[in-house]
Amino acid sequence: MKTISDLGELLGKKVLVRSDFNVPLDKNKNITDDGRIKAALPTLEKLIKQGAKIIILAHLGRPNGQIDTNFSLKPVALRLNKLLPNTKVNFCQNTIGDKPLKQINQLNNGEMILLENVRFDKRETSKDDNQRFALAKEYAKLGQIFVSDGFGVVHRKQASVYDIAKLLPSGAGELIFKEVEALNTAIQNPNRPLAVILGGAKVSDKLGVIANLLNIANKILICGGMSYTFTLAQGGKIGKSLQETDQIDNVKNYINTAQQKQVELITPIDTIAAYEFASNSNKKIVPADNIPDDMEGLDIGPKTQKIFTNTLANCKTIIWNGPAGVFEFDNFAQGTKAIAEALIKAKANGAFTVIGGGDSAAAIRKFGFEDWQFSHISTGGGASLEFLEGKKLPGLEVLS
Ligand code: AMP
């Protein structure tokens with residue numbers, strides 16, 4: 001994969017950067033978590049230092065190809081100005097055409113401009129290659145070089161991620177480089193034992209990862225809403241818990257394959273069950289395979305927490321994707337918190353720990369843990385999941 005260092009002298013060059021600024025906003029358009037903006041800074045700072053004229057392409061939310069000010073990147077431009085106090089960060093309401101061109105031509109070396117949400121143009125995410133390519137040609141008129149740094153979108157074949165890299169000399173930015181390096185460290189020749197913790201709501205989202213990691217991991221720990229389909233496949237009774245009955249055969253296959261490959265597959269033995277899907281619901285601890293009919297499992301139980309914690313204590317590489325329970329409800333967050341604490345301890349003892357983004361990353365922030373307590377926290381939940389599935393990601397392939 002080519003990187004910024006392969007792009008030659010950048011002084012005075014117009015460099016288009018694709019960043020991932022898909023940050024959460026509250027109803028007053030205040031950014032509630034600027035983690036993704038901060039993650040983009042190393043690339044921007046490197047380009048500023050080299051005296052490039054920086055033009056940023058990014059998206060926010062899903063405006064469905066329409067101009068919708070609710071999804072404007074203007075709040076991000078304001079935050080960037082604060083985070084880069086010595087750099088002038090301009091903003092342009094248009095993404096392509098004469099207006100951005102005019103503003104770009106006025107940039108001094110080391111200055112930058114953020115262009116409006118690329119997803120205001122429906123061609124950005126079009127399945128039609130010609131439409132996307134036509135839009136990418138418009139982007140290419142704005143700059144001379146392309147730096148791809150939005151890891152959260154590299155699994156998407158989109159105009160500002162994939163097509164543009166075919167039109168300009170291109171390389172990966174610091175964030176993509178770091179993400180790929182961390183994920184490769186975890187799955188290519190990892191320090192062993194390698195444990196993978198998979199949780200979250202849907203087993204169907206994680207089947208590809210399980211299939212690939214059964215060839216790589218020593219231990220796979222299943223938790224969260226997806227674990228109940230495993231319990232069902234093993235003949236358990238799971239009450240009203242989340243379940244995907246159409247996946248039972250798949251799950252049975254994976255359980256068999258794990259046995260054949262001598263991968264230790266650990267599923268919960270107890271669960272914290274609730275009468276209602278609500279934070280203040282009455283709850284009780286029950287065996288994971290004997291949940292009363294009128295209850296649903298919303299977190300792993302204390303015995304399972306202990307098994308998970310003891311298992312992770314001996315691992316040298318740990319990958320975690322998906323919460324162990326409904327961590328958004330304080331009463332059902334303990335299992336997820338215990339896993340986070342186990343990763344923190346493991347790292348302190350020399351293990352390499354990776355959080356695959358998405359809800360697990362949101363959970364550790366909710367608990368107040370710091371980024372440095374983990375070896376790597378991915379900025380791209382979907383992208384890291386596809387990477388772990390062993391898929392080729394278009395936004396990375398195009399840089400090689
Ligand atoms: P995913 O996007 O598949 O990683 O799922 C994340 C979501 O799974 C979070 O919003 C959790 O609240 C939810 N979740 C985790 N465990 C459970 C559970 N036992 N029952 C219902 N939802 C769950």
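## Around the ligand

In this predicted model, an oxygen atom of the ligand sits 2.9 Å from a polar backbone atom of Ala201. Another polar contact involves Lys206: an N or O atom in the side chain of Lys206 is 3.3 Å from an oxygen atom of the ligand. Gly297 takes part through its backbone, with an N or O atom 2.9 Å from a nitrogen atom of the ligand. The ligand has 500 Å² of accessible area on its own, and the protein covers 82% of that.

How many residues surround the ligand? There are 16, and the closest are Ala201, Gly225, Gly297, Glu328 and Asp359. Try finding these five in the structure and you will have a good starting point for the rest of the tour.

## A sheet of parallel strands

Next, look for the open sheet of 6 strands. Reading across the sheet, the order is E10-E8-E7-E15-E16-E17, and the pairing is parallel. Which strands form the edges? They are E10, made of residues 264-266, and E17, made of residues 376-377; each of these pairs on one side only.

At the E10 end, you can follow the pairing in detail. Strand E8, covering residues 219-222, runs parallel to E10 and is joined to E10 by 3 bridges. Leu221 has Ile266 in E10 as its bridge partner.

## Helices on the sheet

Helix H5, residues 174-187, packs on this sheet. It touches four strands: E7 (194-198), E15 (317-321), E16 (352-355) and E17. The direction of H5 makes about 120 degrees with that of E16.

Helix H6, residues 203-213, packs on the sheet as well, touching E7, E8 and E15. Its direction makes about 165 degrees with that of E7. Both helices therefore touch E7 and E15.

## Backbone details to look for

Between H5 and E7 there is a loop that holds Pro193. The peptide bond joining Arg192 and Pro193 is cis, with an omega of about 5 degrees.

Two residues have a positive phi although they are not glycines: Lys29, at about 65 degrees, and Gln262, at about 55 degrees. Lys29 belongs to the loop between strand E1 (14-18) and helix H1 (35-49), while Gln262 belongs to the loop between helix H8 (248-260) and E10. Is Gln262 buried or exposed? Gln262 counts as exposed because its relative accessibility is 71%. Lys29 has a relative accessibility of 34%, so Lys29 counts as partly exposed.

## Helix H2 and a visitor from the loop

Helix H2 spans residues 74-83, and its buried residues are Pro75, Val76, Ala77 and Leu80. What do these buried residues pack against? Their partners are H1 and three strands: E2 (53-57), E3 (89-92) and E4 (112-115). As a rule, an α-helix has 3.6 residues a turn, so residues three or four places apart point the same way.

Finally, return to the loop between E1 and H1, where you will find Asn30. Asn30 counts as partly exposed because its relative accessibility is 41%. Leaving aside residues up to four places away in sequence, Asn30 touches Pro24 and Leu25. Asn30 and Pro75 of H2 are 45 residues apart in sequence, yet their C-alpha atoms are 7.1 Å apart in space.

Methods. Residues numbered from 1 in each chain as written. Predicted model: local features only at pLDDT ≥ 70, side-chain atom pairs only at ≥ 80, totals over all residues. Heavy atoms only, no water. Pairing = 2+ DSSP bridges. Helix = DSSP H or I, 4+ residues; strand = E, 2+ residues; numbered from the N terminus. Contact = heavy atoms within 4.5 Å. Axes fitted to C-alpha atoms, helices over the stretch in contact; angles between N-to-C directions. Buried < 20%, exposed > 50% of the residue type's maximum accessible area, 1.4 Å probe, protein only. Near = heavy atom within 4 Å. Polar contact = N/O pair within 3.5 Å; in protein donor to acceptor, adjacent residues only side chain to side chain. Areas by Shrake-Rupley, 256 points an atom, 1.4 Å probe, with all protein chains shown as cover.
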